[in-house]
Structures are given as C-alpha cells and as structure tokens.
Amino acid sequence: VKIQRDLTDLQTFGFGPRSLTWWGTLGFMVLEGTGFVLAAGSYLYLMTLAPKWPLNAAQPDYWPGTVVTLLLLASVPLNILLNRWARRQDMPKVRLGLLAMTVLGIAPLVVRWFEFPALQVHWDSNAYGSVTWFLLGLHTTHLLTDVADTVVLTALMFTRHGYSGKRFSDVSDNAFYWDFVVLSWLPIYFILYWLPRFA
Amino acid sequence: VNSKKQDVRDTDLAPADLDARLSHVWGDPPGIWGWLTTVDHKAIGRRYVVTALIFLCLGGLSALVMRLQLGTPENKLVGPDLYNQLFTMHGSTMMFLFAVPVMETMGVYLVPLMIGTRTVAFPRLNAFSYWVYLFGGAMLWIAFFVNTGPDAGWFSYVPLAGPQYGIGKRSDIWAQMITYTEVSGLAVAVTSIVTIFKMRAPGMTLDRIPLFVWAALVTSFMIVFAMPAVMVSSTMLILDRLVGTHFFNWAEGGDVLLYQHLFWFFGHPEVYFIFIPATGIVSAIIPAFARQKMFGYTVLVLSLFGTGFLAFGLWVHHMFVTGLPRLGESFFTASSMAVAIPSGLQIFCWIATLWDGKLKFNTPLLFVFGFILNFVIGGLSGVMVASVPIDTQVHDTYFVVAHFHYVLVGGAVFPLLGGIYYWFPKFYGRMLNERLGRWNFWLAMVGFNLTFFPMHILGLMGMPRRVYTYQPEMGWGPMNMLVTIGAFVFFASFLLLAFNVWRSLRDGQLAGGNPWNAGTLEWATSSPPPAYNFAHIPVCTGREPLWQTPDTPVAAGLRVDKREVLVTTLVDGEPDLRDSSPEPSIWPLVAAVATSVTLLASIFTPWAIVWGLLPVGAALTGWFWPKGTKEDES
C-alpha cells in the first residue's frame with residue numbers, strides 16, 4: 001500500500017461550512033425556502049385572479065403579527081452571540097444563551113396563537129382565508145420545530161454529553177437555522193399584512 | 001474537549017488486522033436486529049433498488065391487465081372503475097415508487113464508492129428515508145387491494161380529485177403517498193448533495209468527479225427545488241378535501257389551474273430527475289466498454305446543468321390546451337425545444353467516444369445502444385408535441401402515451417437495465433450471464449418497440465388515453481392487439497432478467513474487484529465491497545484513477561476503533577476533518593413508524609397531526625440524544 005497522504009492530525013470537528021450538519025441544515029433551508037416561495041407564489045397568483053383582495057373579508061389586524069416580528073428581530077443579536085459563544089466552546093455562556101433563546105422562541109409562539117384569529121378570516125371561508133392560513137401555518141411549523149429543537153439541545157448541553165466539540169457545532173447550526181426562521185418570516189409578514197393594504 | 005485517549009489508527013496495521021478491526025467497527029449487529037438497525041449505505045441502497053424493482057413489477061402487472069382489456073374492442077375483462085384505478089396505480093407507481101427512487105438510490109449505493117468514502121453524510125437520515133418510502137408504497141398498494149386505489153390519474157387533477165367529485169378516500173391515499181415519497185426523496189437528495197460536496201476522496205477536485213456522480217448531484221439539486229412544489233399542491237389538495245379549504249374551488253376564489261401549475265412545476269423536472277441519472281449511467285458504461293476516456297467531459301457536465309436548469313422552464317407545455325395566453329405558450333414551446341440542445345450535445349459526446357473506442361459488445365453496451373435509438377425517437381416526438389398546434393391535436397391521445405414511454409422507458413429504463421448488468425457484479429460479487437443478457441436485451445428491444453411504436457399511430461387515428469374500451473367500428477382493434485402482444489414480450493424480458501439474477505446469485509461466475517477493467521473508484525475495492533468500503537481511503541489521481549494509477553495510492557491516519565470518515569473541502573477535495581459517523585440505530589425505524597402512522601391517521605382526522613407530534617418528537621429526540629458511545633467522542 002502506497003500511503004500518500006497523512007490524516008493523523010486532522011481535527012475531529014469543525015464549525016460552519018466545515019461541518020456536514022451545517023451543509024445538511026443549509027440543504028433543508030433551501031428546500032423549505034422553496035416551499036415558502038411557492039406558497040407565497042400561490043398567494044400572489046390567487047390575488048391577481050380575485051376581483052378584490054382581501055376576498056370578502058376585513059383587512060387583517062396587523063398588531064399580533066407585528067409583535068411576533070419585533071420579538072423575532074429582537075432575538076437576532078442574542079442568536080449571533082450564541083453562535084459566537086458556541087464556536088468558542090464557552091459552556092457557561094452557551095447554556096445561558098440557549099436558555100434565553102428558548103424563552104425568545106416560545107414568546108413569539110405564544111403571540112402566534114393570537115395571530116390566527118387576527119387574520120379576520122377562516123381557512124374555510126374562501127380561497128383568501130385558505131392561503132393566508134396556509135402561509136401562517138407553514139411558518140408556524142418551522143417556528144415550532146426550531147423551538148422544540150432548541151429545548152432538546154438546551155437540555156442536552158446541561159448534561160455531560162454537552163462537553164463535546166460536535167455538540168457545540170450543533171448549537172452553532174441550530175442558531176444558523178433560527179436565522180432562517182426569522183428571515184423567512186419577514187416577506188411573509190409583508191405579504192400577509194401589508195400587501196392587501198397596498199393592493 | 002478534544003480528549004487525547006489511546007486510539008488506534010489505520011496507518012501501520014497489517015492488512016488482515018486492519019480488515020478485522022474495520023469489519024468489527026463498520027459491520028452490523030447479527031440477525032434481524034442488524035437488519036432493522038443498519039445504516040450501511042450499501043444495505044440501504046440495495047434495499048431501495050430491490051423494493052423499487054418490486055414496485056416496477058407491480059406497475060408492470062397493472063399495465064398488463066390494462067393491455068389485456070384493450071386487446072380487443074368492447075372487452076368485458078375490466079370495468080371502468082377498476083380501469084381508472086389501474087392506470088392511476090400504474091402511473092403513480094412507476095413515477096413515484098419506481099423511477100425516481102430507483103434512480104436516486106442507485107446513487108445511494110454507488111456514490112460513496114465512486115468518490116472513495118466509507119458511507120454517506122447522514123446514514124441515519126438515509127435509513128429513515130427508506131422506511132418512509134416503504135411504508136408509503138405499501139399503503140398505496142394495500143389501499144388498492146381493498147378497493148381504495150386512487151382513480152384520478154397519476155397527476156390527480158382537480159376538480160376530479162377534489163372534494164366535489166373525488167368521493168371516498170381514494171384521492172387522499174394518493175395525496176398522502178406523495179407526502180411519504182417526497183419526504184424520503186428530499187432526505188436522500190440532501191444526503192447526496194452533502195456527501196458529494198464534502199466527502200470526496202483527497203485529490204478528487206471538481207473536474208475529476210465521475211459523470212455519474214455529477215448526474216446524481218444535479219438530480220439532487222433538482223429534487224430540492226422541485227419536490228416542494230408537489231408537496232405544496234398535494235397538501236392543498238388534501239386540505240381542500242379534509243378541512244374545507246378552497247384553494248382549487250372556483251366558486252370561492254380558488255383556481256384549478258393553480259393545481260396544474262404547481263404540479264407541473266414539479267412534474268416536468270421529475271421527468272429529468274429520472275432521465276439525468278440515466279445519462280450518468282450511460283456516461284459510466286461507455287468509457288468502460290469503449291476502452292476510451294469520455295470525449296467532452298466538460299461539455300457533458302455543463303449539459304447536465306443546462307438540462308437541469310431548462311427543466312424548470314418547461315412545465316407549461318403540459319398545459320397547452322388549458323387556454324393560457326398565446327405569448328406564454330410560445331415561450332414554453334421555445335424553451336421545450338431548447339432542452340433538445342444539451343441533450344443533443346450529450347448524445348454527440350457519447351457517439352464521439354464510441355467512435356474512437358475499441359468496443360466490447362457486452363450486455364451493458366447493448367442497452368446503451370438501445371437507449372440511444374429509443375431515446376432519439378422519443379426526443380423527436382417530443383420536438384413535435386412541443387409545438388402548440390400539434391400538441392392540441394394529439395393531446396390526451398395515445399400519441400402522447402407513446403412519446404413519454406419512449407422518453408421514460410427508452411431514456412431511463414434501458415440505461416438502468418444496462419446499469420444493472422454493469423454493476424450487478426459490484427453489488428453481489430457475481431457476473432450476470434452474458435448469453436441470457438443478450439436475449440434479455442433483444443426481447444426488451446423488440447417488446448418495447450412493438451408495444452409503444454404502434455401507439456403513435458393509434459394516437460394519430462384518434463384513440464384517446466385513459467378509456468377502458470372502444471367500439472369495433474373505430475378500427476383500432478388489430479393495432480391494439482399488436483400492442484398487447486408487445487407488452488407481454490416486453491414483460492417476458494423482465495422475467496428473463498429475474499431468472500438471470502436468480503441463477504447468477506447461485507452460481508454466476510465470480511466477478512473479482514474490477515471485472516470490466518473500468519477506471520472509477522468503485523472498482524478499486526472487492527465485489528461485493530466490505531462494510532467499510534475501502535481499507536484505506538483512496539487518493540484520486542485523475543478522472544479514471546484506476547487507469548492512471550492501477551496501484552491506487554491511499555491516505556491513512558483514520559481511527560479504526562470507531563466509525564470515522566474523512567471530510568474534505570468542497571472545491572479541491574483537500575482533507576479537512578476526521579469526522580465521527582453514526583453507528584447502527586433503531587431510531588430511524590421508530591421515527592419512520594411514528595411519521596407514517598401520523599400521516600396515515602391524518603387522512604381520517606386532521607387532529608392526527610396534532611397528537612402525532614408527540615410520538616414523532618419523542619422518536620426524533622431519541623434519535624439525536626447521545627448514547628455515550630464512541631460515536632460521541634470528538
């Protein structure tokens with residue numbers, strides 16, 4: 001056997017694009033993002049066909065949605081810090097950051113509960129109601145998934161299993177996914193609450 | 001964090017010792033437990049391909065029943081209701097349960113071997129995807145056997161499949177089958193992309209990636225961008241049916257064409273993610289049997305990207321008779337014709353390679369010739385139906401049925417059969433019988449053309465697709481009988497393949513590592529490969545590394561006391577990390593069962609999604625929670 005390359009001293013974990021999980025997370029963001037684009041496209045498609053928009057419904061009440069938006073935006077700086085702490089493998093700060101991000105994840109979910117009635121239309125009233133609930137529901141599943149993931153990861157980082165480079169890398173990837181949950185919300189927020197007012 | 005414990009590396013071990021240690025670490029537990037918990041990409045890839053071939057058989061049998069019914073006018077064998085279920089089952093099975101999975105998962109088996117690594121990037125996700133696919137396919141066929149088979153065609157158009165006309169649970173079964181297969185297809189696509197990006201052998205720069213792997217990569221990207229469309233459309237369909245939404249209900253501001261747009265935004269690329277992997281198979285077979293490096297490697301790679309890109313701009317040509325604006329239709333005519341350019345470039349590169357080569361006429365190459373001939377016929381009728389006036393004339397006739405079978409069977413099944421003859425020795429360690437192989441090829445060629453060529457003429461004579469019978473005065477009887485005979489000949493060719501496989505598994509000639517003297521890395525290991533694929537990670541020295549350096553140089557320094565893989569950089573394939581790889585686990589199966597039960601129950605009550613979150617969440621937590629084994633050391 002002709003040994004040409006020596007791999008002995010390679011590291012056993014890496015952050016960001018060096019890690020497989022980061023790429024996997026990116027892959028799922030891209031496909032879920034495509035889902036968002038198509039759902040939003042369906043909204044616009046139905047809107048262009050309708051004689052008026054919203055279709056036989058009052059304008060949606062934008063307050064709960066705006067509070068969700070502000071809460072999500074407020075979580076971003078801490079999320080960036082958490083990512084940084086994870087990369088430094090600073091356990092006390094990572095634990096604190098994860099606890100805070102859990103709270104900052106649950107808070108918009110609670111307000112989201114009030115967002116559905118604020119749409120002022122039911123999913124089975126007409127196509128406008130169907131597609132607004134669809135968009136909001138689609139984003140809610142993402143919110144819920146990431147919060148559940150954050151809760152499990154927070155619990156994990158308080159056990160002995162947390163002391164592992166790979167787990168810190170997981171925290172970093174989880175923060176990466178949260179950015180996606182926040183960013184994907186902004187166009188949906190605009191479409192749901194402001195587009196009908198400008199249309 | 002990076003604890004320096006005593007670990008064992010593969011650098012200085014004697015071959016026998018290395019093999020024993022790696023076999024212990026990478027092998028599965030014995031017995032049924034090992035079968036259920038395996039995350040070996042070869043076991044899962046084999047399982048996927050075999051399952052897909054079983055679905056091919058079921059889809060083929062449903063076609064044979066239809067052909068028996070249509071063989072003579074006013075035949076009483078099958079009634080209209082069962083006939084509707086049969087053609088829907090045939091199309092749905094062939095597209096969602098056979099063609100896409102088999103093409104995607106030939107890669108699950110072959111890609112890690114071709115790029116010189118030990119497994120895929122996410123072995124457990126890969127295992128999970130198989131179980132979900134299996135349960136979804138089983139659900140569809142069990143439903144069919146209890147008279148709840150979908151009956152609105154494989155694209156399940158509204159309003160026929162909607163709440164108003166699609167009574168019972170038939171269309172719900174179809175819509176949920178889509179969810180299962182797309183979840184599984186997307187999981188495999190992401191796994192493949194990351195595997196190809198980050199786990200290539202050292203030295204495998206972008207311009208050394210085998211063409212089959214490029215095809216798998218382009219296909220995976222297409223799946224990532226296309227499959228969400230069918231998930232959106234089938235979810236909207238099932239919501240319309242189950243909770244009273246109005247996405248496709250014209251009376252409440254919905255639109256039926258929205259369904260068609262979403263479906264075909266997926267459905268047209270789908271044709272290409274069946275066809276593109278098939279071109280990858282062709283590009284693997286031709287150099288091996290022409291004894292010649294592939295002519296125009298860069299052109300072929302760019303053609304794959306070109307086809308993949310253009311495939312997203314063609315979907316409206318499935319909707320030419322829906323009354324869309326003329327200008328829009330003209331655009332889609334142009335783009336439909338444009339896709340012939342990259343396909344044509346590929347064909348010229350293959351012909352140039354064959355022209356220059358010293359050909360060995362083994363069965364795989366015969367199937368490649370069959371592919372080129374049949375696919376070109378399908379391409380020509382494709383250029384015809386790309387034009388709006390011709391399409392308007394032949395829409396929903398047997399001409400279209402003939403066209404897409406030439407493209408899909410000629411363009412994908414022929415290469416696949418060639419691929420089976422080519423890689424069977426790698427999968428199972430024994431050669432398929434060459435004499436039976438030739439018979440297999442000629443029977444397939446004659447049967448296929450006898451079945452599908454007369455359909456062009458039947459279509460031009462005005463015979464519509466999806467009718468369960470016709471009157472003798474139409475004059476379609478003799479031609480239909482010919483088609484039916486052809487279908488049985490074609491089916492016989494698959495029986496011959498099954499016989500060949502059965503016989504060769506028992507006493508086929510032993511293959512050895514590289515029976516065809518091919519140049520890519522999957523042939524650098526034994527046949528079948530050991531659980532760990534390669535004793536040392538190979539170093540890639542060119543596009544056909546085994547031809548350039550028969551004594552493959554290797555990289556060493558990985559641990560052999562736990563599952564460790566090499567992660568390399570995206571562009572240059574430079575070693576970057578020694579990464580842990582997951583051990584066998586029951587959790588992917590548990591998660592797949594929880595997911596499947598939830599999806600199935602949701603057909604009967606939407607609340608299933610709510611209470612199903614608990615078992616799914618619990619299973620995923622069990623999956624991800626570290627077990628304190630060596631896998632977690634890093």
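Two residues are in contact here if they have heavy atoms within 4.5 Å. The model is predicted, so local features need pLDDT of at least 70 and side-chain atom pairs pLDDT 80 or more, while totals for chains, interfaces and linings use all residues. Residues are numbered from 1 along each chain as its sequence is written, chains are lettered from A in the order in which they are written, and side-chain values use heavy atoms, with hydrogens and water left out.

**Exercise 1. The interface**

Task: State how many residues of chain B and chain A are in contact, and what area is buried between them.

Solution:
- Step 1. On the side of chain B, 63 residues are in contact with 52 residues of chain A.
- Step 2. The size of an interface is often given as the accessible area lost when the parts come together. Buried area is that loss, found with a 1.4 Å probe and summed over both parts.
- Step 3. For chain B and chain A the buried area is about 5,100 Å², and carbon and sulfur atoms give 68% of this area.

**Exercise 2. Charged and polar pairs**

Task: Count the salt bridges and the residue pairs in polar contact between chain B and chain A.

Solution:
- Step 1. Side chains of opposite charge can pair when their charged atoms come close. The rule for a salt bridge asks for a side-chain nitrogen of Lys or Arg within 4 Å of a carboxyl oxygen of Asp or Glu.
- Step 2. Four salt bridges are counted between chain B and chain A. A:Arg167 and B:Asp632 form a salt bridge, at 3.7 Å from N to O.
- Step 3. A polar contact is a pair of N or O atoms within 3.5 Å; within protein, one must be able to donate a hydrogen and the other to accept it, and residues adjacent in sequence count only if both atoms are side-chain atoms. Across this interface, 19 residue pairs are in polar contact, with both residues at pLDDT 80 or more.
- Step 4. On the side of chain B that touches chain A, helix 7 of chain B gives the most, with eight residues. Helices (H or I, at least four residues) and strands (E, at least two) are DSSP runs, numbered from the N terminus.
- Step 5. The residues of this side of chain B divide into 36 nonpolar, 15 polar and 12 charged. Here Ala, Val, Leu, Ile, Met, Phe, Trp, Tyr, Cys and Pro count as nonpolar, Asp, Glu, Lys and Arg as charged, and the others, Gly among them, as polar.

**Exercise 3. A sheet across two chains**

Task: Give the order of the strands in the open sheet of three strands, and explain why one side of each edge strand is left without a neighbour.

Solution:
- Step 1. Two strands pair if DSSP finds at least two bridges between them.
- Step 2. Strand 1 (residues 3-6) of chain A pairs with strand 2 of chain B in the parallel sense, over three bridges. In this pairing, A:Arg5 stands opposite B:Ala555.
- Step 3. Strand 1 and strand 2 of chain B run antiparallel and are joined by two bridges. B:Ala555 is also the bridge partner of B:Ile537.
- Step 4. The order is 1(A)-2(B)-1(B), with mixed pairing. Strand 1 of chain A and strand 1 (537-538) of chain B stand at the edges with a single partner strand each, so one side of each has no neighbour in the sheet.

**Exercise 4. Inside chain A**

Task: List the secondary structure of chain A, then place A:Arg112, A:Glu115 and A:Pro54.

Solution:
- Step 1. Chain A has five helices and one strand, in the sequence β-α-α-α-α-α from the N terminus on.
- Step 2. A:Arg112 and A:Glu115 form a salt bridge, their closest N and O atoms being 2.6 Å apart. Both belong to helix 3 (residues 91-118) of chain A and are three residues apart, so about one helical turn separates them.
- Step 3. A:Pro54 lies in the loop between helix 1 (20-49) and helix 2 (63-88) of chain A. A cis peptide bond joins A:Trp53 to A:Pro54, with omega about 0°.

Methods. Buried area = accessible area lost by both parts, 1.4 Å probe.
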